[in-house]
Amino acid sequence: MAGLFITFEGGEGSGKTTQLKGLLTHLRAEGRDVVETRDPGGTPIGKQIRSLLLNPANGGMAVVTELFLYEASRAQLVREVIRPALAVGRIVLCDRFADSTVAYQGHGRGLDLGLIARLNALAADGLRPDLTVLLDLDPEAGLARVGQRVTPPAERHDRIEGEVLGFHQRVRAGYLAIAAAEPDRVVRLDALHGMAEIEELIRRRVEGLLRSPVRPSGPGILASG
Ligand code: TMP
């Protein structure tokens, strides 16, 4: 009994969280056993790390500190939530995962991609998503969406959202490079398409996977440790 591991990725304001919730509701209505989680976060330790990472007061955080904190939250999430859920055949929907570190700390901050790949493998315990939904959007449009949310101006931007536009453009280019390198795992969807249309495309991909007997995250294929 293999579970299914699906991640949602995208820049700020891409609508990935809304799409995750839509798929969650759909799968649960079908009677499927689904776990919803997010990275960074998803565990008591991860939630504490998340607040350190996103707090705008931590503007002095070194890039390497940031990298380790994302990896630390992920290491805990995989061991405490994702692996145990997959082991009993549950479907795991995760808001962001290791691709975010490649896009943000690798392409965005300029850290070495080989180093990030090794740290990601360690943190994720060799686990790779069966499917990654990438909601692709021009960062200018995404940041405008984030700005439009009904939060007081002072609280509008977390530490990462507040980065300059060039940073978010590099993040987008990073995601597109990941999608080009791994077309079987990553499905790139234009976030400007209508909500219902995107939802339908995601459902079709997931239904295909649920019918398929072989999955990368299934037992026997994972690295152990
Ligand atoms: P979000 O989960 O609400 O999208 O916020 C998480 C923020 O952290 C977002 O700006 C992306 C950023 N991030 C990284 O920079 N690296 C990572 O590895 C992850 C998972 C997120």
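**Notebook: T18, the ligand site and the voids**

I began with T18, which is partly exposed at a relative accessible area of 43%. The model is a predicted one, and I kept that in mind throughout. I placed T18 in helix α1, which runs over residues 16–29. Next I looked up a contact distant in sequence. T18 and M195 are 177 residues apart along the chain, yet their C-alpha atoms are 8.9 Å apart in space. Why did I write "partly exposed" for T18? Its 43% falls between the 20% below which a residue is buried and the 50% above which it is exposed, so the middle label applies.

**Ligand**

I turned to the ligand. Which residues come nearest to it? There are 14 residues around the ligand, and the nearest are E12, Y70, R96, T101 and Q105. I then checked polar side-chain atoms against the ligand's oxygen atoms. For Y70, a side-chain N or O atom is 2.8 Å from an oxygen atom of the ligand. For R96, a side-chain N or O atom is also 2.8 Å from a ligand oxygen atom. For R50, a polar side-chain atom lies 3.0 Å from an oxygen atom of the ligand. How much of the ligand does the protein cover? On its own the ligand has 480 Å² of accessible area, and the protein covers 92% of it.

**Largest pocket**

I looked up the pockets next, starting with the largest. Its volume is about 710 Å³. I noted 31 lining residues, with K16, T17, R50, D95 and R96 closest to the centre. R50 was already in my ligand notes, with its polar atom 3.0 Å from a ligand oxygen. R96 was there too, at 2.8 Å.

Which elements supply at least two residues of this lining? They are α1, β2 (34–38), α2 (44–54), α3 (63–87), α4 (98–108) and α6. Helix α1 gives the most, with five residues. That is the helix that holds T18. By class I logged 14 charged, ten polar and seven nonpolar residues in the lining of the largest pocket.

**Second largest pocket**

I moved on to the second largest pocket, which holds about 320 Å³ of space. It is lined by 16 residues, and A98, D99, V102, N120 and R185 are the closest to its centre. Two elements, α4 and α5 (113–123), give two or more residues to this lining. The largest share is from α5, with four residues. Here the classes came out as ten nonpolar, four charged and two polar.

**Cavity**

Last, I checked for enclosed space. How many cavities of 30 Å³ or more are there? The count is one. I recorded a volume of about 120 Å³ for the largest cavity. Its lining has 15 residues, and G11, E12, L137, H168 and R172 are the closest to the centre. E12 had come up before, among the residues nearest the ligand.

I then split the cavity lining by element. β4 (131–136), α6 (139–148) and α7 (165–181) each supply at least two residues. The largest share is from α7, with four. By class, the cavity lining has eight nonpolar, four polar and three charged residues.

**Cross-check**

I closed by comparing entries. Helix α6 supplies at least two residues to the lining of the largest cavity, and at least two to that of the largest pocket. Helix α4 does so for the largest pocket and gives two or more to the second largest.

Definitions and conventions:
Residues are numbered from 1 along each chain as its sequence is written. This is a predicted model: local features need pLDDT of at least 70, side-chain atom pairs count only at pLDDT 80 or more; totals for chains, interfaces and linings use all residues. Side-chain values use heavy atoms; hydrogens and water are left out. Buried means under 20% relative accessible area, exposed over 50%, partly exposed in between (1.4 Å probe, protein chains only). On a 1 Å grid over the protein atoms alone, a cavity is a set of points where a 1.4 Å probe fits but cannot get out, and a pocket is an open set with protein on both sides within 12 Å along at least five of seven lines; lining residues have an atom within 4 Å of a point. Grid points are joined across faces, edges and corners, and a volume is the space filled by probe spheres set on the points. Ala, Val, Leu, Ile, Met, Phe, Trp, Tyr, Cys and Pro count as nonpolar, Asp, Glu, Lys and Arg as charged, and the others, Gly among them, as polar. A residue is near a molecule or strand if one of its heavy atoms lies within 4 Å of it. A polar contact is a pair of N or O atoms within 3.5 Å; within protein, one must be able to donate a hydrogen and the other to accept it, and residues adjacent in sequence count only if both atoms are side-chain atoms. Accessible areas come from the Shrake-Rupley method with a 1.4 Å probe; for residues, only the protein chains shown count as cover.
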